[in-house]
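Here is a briefing on one protein chain. Look over the sequence and the model first, then read the points by topic.

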Amino acid sequence: MPDEDEVRRLSTRMNRIVGANPGLRGDADDACQTAWLEFLRRPPTLRDANGLAGWLTTVARRHALRAAEKRSRVTFVDDSQLETHTPVDSPEVAALSGELTEALWRAVEKFPERHRRMMLLLAHYPELGHAQLAAELGISPASVSRIRQRCLTVLRRRLEAEGFSYP
């Protein structure tokens, strides 16, 4: 393993050689660090002790070339396509949504059987009308709206008690 001065000298040399190519200049630092990491993970078997500089430089150059190649493959989205592009939720939004979903179904599990079934039907079969819901639950169609409203009110209170709010 090279000492600290040798590491500094080799790093400077690698950086100059890789950065000499204008297309790789922006990737030189990262490529050199990656070459050192590769050296630490799998030290090469070199016949010549002086071959380390060449090996590191070659590895760094290859990593810089791969990075430049990836960057050149990036395709930019035309502004007209932005309206049809579906945005992806951030990890924070996805985590909060997952927590809310878990809390919601925990709260539904505490409902009486008929109310729990109504919430499941509303969630998984939103296309069902009052008459179909009433038939599935064994209640009169006139009761569907009242029971649905009662369930949603209880659900909102339980979620608020757990720290979730509804705008």
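The points below cover the fold, the cores, the aromatic residues, one buried threonine and the salt bridges.

This is a predicted model. The chain has seven helices and zero strands. Two nonpolar cores are described here: one of 17 residues, the largest, and another of 16 residues that lies apart from it.

**Overall fold**

- Read from the N terminus, the elements run α-α-α-α-α-α-α.
- The chain has 167 residues, and 24% of them count as buried.
- Take the contacts between residues at least 6 apart in sequence: 59% of these join residues at least 24 apart.
- The exposed area of the chain is about 12,300 Å². Carbon and sulfur atoms supply 53% of that area.

**Nonpolar cores**

- The largest nonpolar core holds 17 residues. Leu10, Met14, Val18, Ala35, Trp36, Leu56 and Ala60 have the most contacts inside it.
- Three helices each supply at least two residues of this core: H1 (4-19), H2 (28-41) and H3 (52-72).
- Which helix gives the most to this core? Helix H3 does, with seven residues.
- Leu56 touches Leu10, Met14, Ala35, Trp36 and Phe39, leaving aside residues up to four places away in sequence.
- Another core lies apart from this one and has 16 residues. Among them are Ala107, Phe111, Met119 and Leu137.

**Aromatic residues**

- There are two aromatic pairs in the structure.
- In one of them, the ring centres of Trp36 and Phe39 are 5.8 Å apart and the ring planes meet at 90°, so this pair is edge-to-face.
- Trp36 and Phe39 both belong to helix H2. They are three residues apart, which means a separation of about one helical turn.
- Are these two residues buried or exposed? Trp36 has 12% relative accessibility, so it counts as buried. Phe39, at 11%, also counts as buried. The cut-off for buried is under 20%.
- Trp36, Phe39 and Trp55 form one aromatic cluster.
- Trp36 and Phe39 also appear among the residues that Leu56 touches.

**A buried threonine**

- Thr57 is found in helix H3.
- Thr57 has a relative accessible area of 6%, so it is buried.
- Where does the polar side chain of Thr57 find a partner? A polar atom of this side chain lies 2.7 Å from the backbone oxygen of Ala53.
- Thr57 also touches Met14, Ile17 and Val18, again leaving aside residues up to four places away in sequence.
- Of these, Met14 and Val18 are among the residues with the most contacts inside the largest core.

**Salt bridges within one helix**

- The structure holds seven salt bridges. Three are described here, beginning with those inside a helix.
- Glu4 pairs with Arg8, and their closest N and O atoms are 3.2 Å apart.
- Both Glu4 and Arg8 lie in helix H1, four residues apart, or about one turn of the helix.
- Glu4 is exposed, at 60% relative accessible area. Arg8 is partly exposed, at 47%.
- Glu113 pairs with Arg116, and here the closest N and O atoms are 2.6 Å apart.
- Both Glu113 and Arg116 lie in helix H5 (residues 113-124), three residues apart, again about one turn of the helix.
- Glu113 has a relative accessible area of 45% and is partly exposed. Arg116 is partly exposed too, at 23%.

**A salt bridge between helices**

- Arg117 forms a salt bridge with Glu136, with 3.6 Å between the closest N and O atoms.
- Arg117 lies in helix H5 and Glu136 in helix H6 (residues 130-137), so this pair ties together parts that are 19 residues apart in sequence.
- Arg117 counts as partly exposed, at 31% relative accessibility. Glu136 is partly exposed as well, at 42% relative accessible area.

**A salt-bridge network**

- Glu4, Asp5 and Arg8 are joined into one network by salt bridges that share partners.
- The pair of Glu4 and Arg8 in helix H1 spans about one turn of that helix.

How values were computed:
Residues numbered from 1 in each chain as written. Predicted model: local features only at pLDDT ≥ 70, side-chain atom pairs only at ≥ 80, totals over all residues. Heavy atoms only, no water. Core = buried A, V, L, I, M, F, W, Y, C linked by side-chain atoms within 4.5 Å. Buried < 20%, exposed > 50% of the residue type's maximum accessible area, 1.4 Å probe, protein only. Contact = heavy atoms within 4.5 Å. Phe/Tyr/Trp six-rings, centres within 6.5 Å; stacked < 30°, edge-to-face > 60°. Polar contact = N/O pair within 3.5 Å; in protein donor to acceptor, adjacent residues only side chain to side chain. Salt bridge = Lys/Arg side-chain N within 4 Å of Asp/Glu carboxyl O. Areas by Shrake-Rupley, 256 points an atom, 1.4 Å probe, with all protein chains shown as cover.
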